Amino acid sequence: MSSTEHAVPVVHDVAVIGAGPAGLSAALNLVRAKRTVLLVDANRPRNAATLRSHGFLTRDGISPLELRKLGRTEVEGYPEATVVQSVVDLVTPDPDTDTWRVHGSWRGTELDARARTVVVATGLREEFPALPMLRAFYGTAVHSCVECDAYDKAGQPLAFICETDDVVDRALLIASWTDDLIVYTNGVAPLDDAGRVRLAAAGVVVDERVVADLEGDRSGMTGVRLADGHVEPRTGGFVRPVWHADLDWLRTSATTSPGATSGNTAANGDTPGALEGLQRDTQGLLVVDRVGRTSVPGLYAVGDVTPPGPEQLIVAAGHGAATAAAVHRDLVGGLADLRDAVQ
């Protein structure tokens, strides 16, 4: 090849951004549909602190990191798959080539790829109440997913730390596993008289004082320390994070600076330079139909980054499989009239 000639860039059928259960499931089913798939893994799983995941049929109790490793190995076993580790900083449509550009980097190595379609499976970022020792106990004594971890805390004296307006419903859910639950609003979560009555009827204690920190040692959590110095013995509990969908890299063009959009999300999810026509809900999650199609043709989303937000691993994997089927059928073409029939 002469110096004036350029290699034709590889165009993948699908770029899957994110390698959690949703992204891995989508990638696996797509390569089995003989689709060429670029799987981009940033290796930053939200559940990295969790020692065991539960509720995944045939894998109950497995480490979530091991589950990801097994899934990635399965995907990599197919010749149609290209798996790279990279942090994506730009995904944008290229109208000149009718493809999507995917750009990122990892330790000095640049990723600049093209794909006919994109599946967003990047999950969410958690923001916790500002308690110094919370991270030390998170994933062992303290958890965020009730469905995943409440069974192993059943009957114990538990704390529920919540600063959001869904405090009552979440507390009542946790109370179905224990009759010794204290809800800590940290002086933040709104709680009206009706909510207090509902919690009292379920035997749930409410403490609206400010929480200073969690207490414990290497053997585990031992209590909740309040700002006034009182320490309430607790062996574990749950925390309600605030979740953020960091999607500034979905943009109209490469010239829009990611930093310029950060923190400027409007009520409808729009940001300066945001992808035109992309619908997000009031929480910033990507609005999709029941098989993962967003409001932008060729762009799909699956897993925690879609409403209603965080979900069990097996549910996310199922959604990934359903979205993979929709992507494949859409790539086949001529199936627009069957959109509602996709299972």
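These exercises walk you through a predicted model of one protein chain, with a worked solution after each task.

**Exercise 1. Getting an overview**

Task: Find how many helices and strands the chain has, and what share of its residues count as buried.

Solution:
- Step 1. Start with the secondary structure: the chain holds eight helices and 17 strands.
- Step 2. Turn to burial: 46% of the 343 residues count as buried.
- Step 3. Add the surface: the accessible area of the chain is about 16,700 Å², and carbon and sulfur atoms account for 52% of that area.
- Step 4. Look at contacts between residues at least 6 apart in sequence: 55% of these join residues at least 24 apart.

**Exercise 2. How confident is the prediction?**

Task: State the mean pLDDT of the chain, then locate stretches where the pLDDT is below 50.

Solution:
- Step 1. The mean pLDDT is 89, and 88% of the residues reach 70 or more.
- Step 2. Residues 1-5 have pLDDT below 50, and this stretch makes two contacts in the model beyond near neighbours in sequence.
- Step 3. Residues 334-343 also have pLDDT below 50, and here the model shows 15 contacts beyond near neighbours in sequence.

**Exercise 3. Reading the order of a sheet**

Task: Work out the strand order of the open five-stranded sheet, and name its edge strands.

Solution:
- Step 1. The order is S8-S15-S9-S10-S11, and the pairing is parallel.
- Step 2. S8 and S11 (205-207) are the edge strands, since each pairs on one side only.
- Step 3. Now check the neighbours of S15. Strand S8 (residues 142-143) runs parallel to S15 and is joined to it by two bridges.
- Step 4. Within that pair, Val 142 stands opposite Gly 237, and His 143 has Phe 238 as its bridge partner.
- Step 5. Strand S9 (residues 158-161) is also parallel to S15, with four bridges between them. One of the S9 residues, Ala 159, has Gly 237 as its bridge partner.

**Exercise 4. Two faces of one strand**

Task: Decide which residues of S15 point the same way, and whether they are buried or exposed.

Solution:
- Step 1. Recall the general pattern: side chains in a regular strand alternate between the two faces of the sheet.
- Step 2. Apply this to S15 (residues 236-239): Gly 236 and Phe 238 point one way, while Gly 237 and Val 239 point the other way.
- Step 3. Check burial: all four of these residues are buried.

**Exercise 5. Following two hairpins**

Task: Trace the chain from S12 through S13 to S14, and describe how these strands pair.

Solution:
- Step 1. Strand S12 (residues 211-217) pairs with S13 in the antiparallel sense over six bridges. The two form a hairpin with two residues between them.
- Step 2. One bridge in this pair links Leu 214 to Val 224 of S13.
- Step 3. S13 is also antiparallel to strand S14 (residues 231-233), joined by three bridges, including one from Arg 225 to Val 231 of S14.
- Step 4. This second hairpin has four residues between its strands, and Gly 229 in the turn has a positive phi of about 100°.
- Step 5. Strand S13 (residues 220-226) is mostly covered, with five of its seven residues buried.

**Exercise 6. A nonpolar patch**

Task: Which residues make the nonpolar surface patch of about 260 Å²? Explain why Ile 314 can belong to it.

Solution:
- Step 1. The patch is made by Leu 57, Ile 314 and Val 315.
- Step 2. Ile 314 lies in helix H8 (residues 313-332).
- Step 3. Patch residues need over 30% relative accessible area. Ile 314 is partly exposed at 33%, so its exposure meets that cut-off.

Methods:
Residues numbered from 1 in each chain as written. Predicted model: local features only at pLDDT ≥ 70, side-chain atom pairs only at ≥ 80, totals over all residues. Heavy atoms only, no water. Buried < 20%, exposed > 50% of the residue type's maximum accessible area, 1.4 Å probe, protein only. Contact = heavy atoms within 4.5 Å. Areas by Shrake-Rupley, 256 points an atom, 1.4 Å probe, with all protein chains shown as cover. Patch = residues over 30% accessible without salt bridge, like charges linked within 9 Å, V, L, I, M, F, W, Y side chains within 5 Å. Salt bridge = Lys/Arg side-chain N within 4 Å of Asp/Glu carboxyl O. Pairing = 2+ DSSP bridges. pLDDT = per-residue confidence, 0-100.
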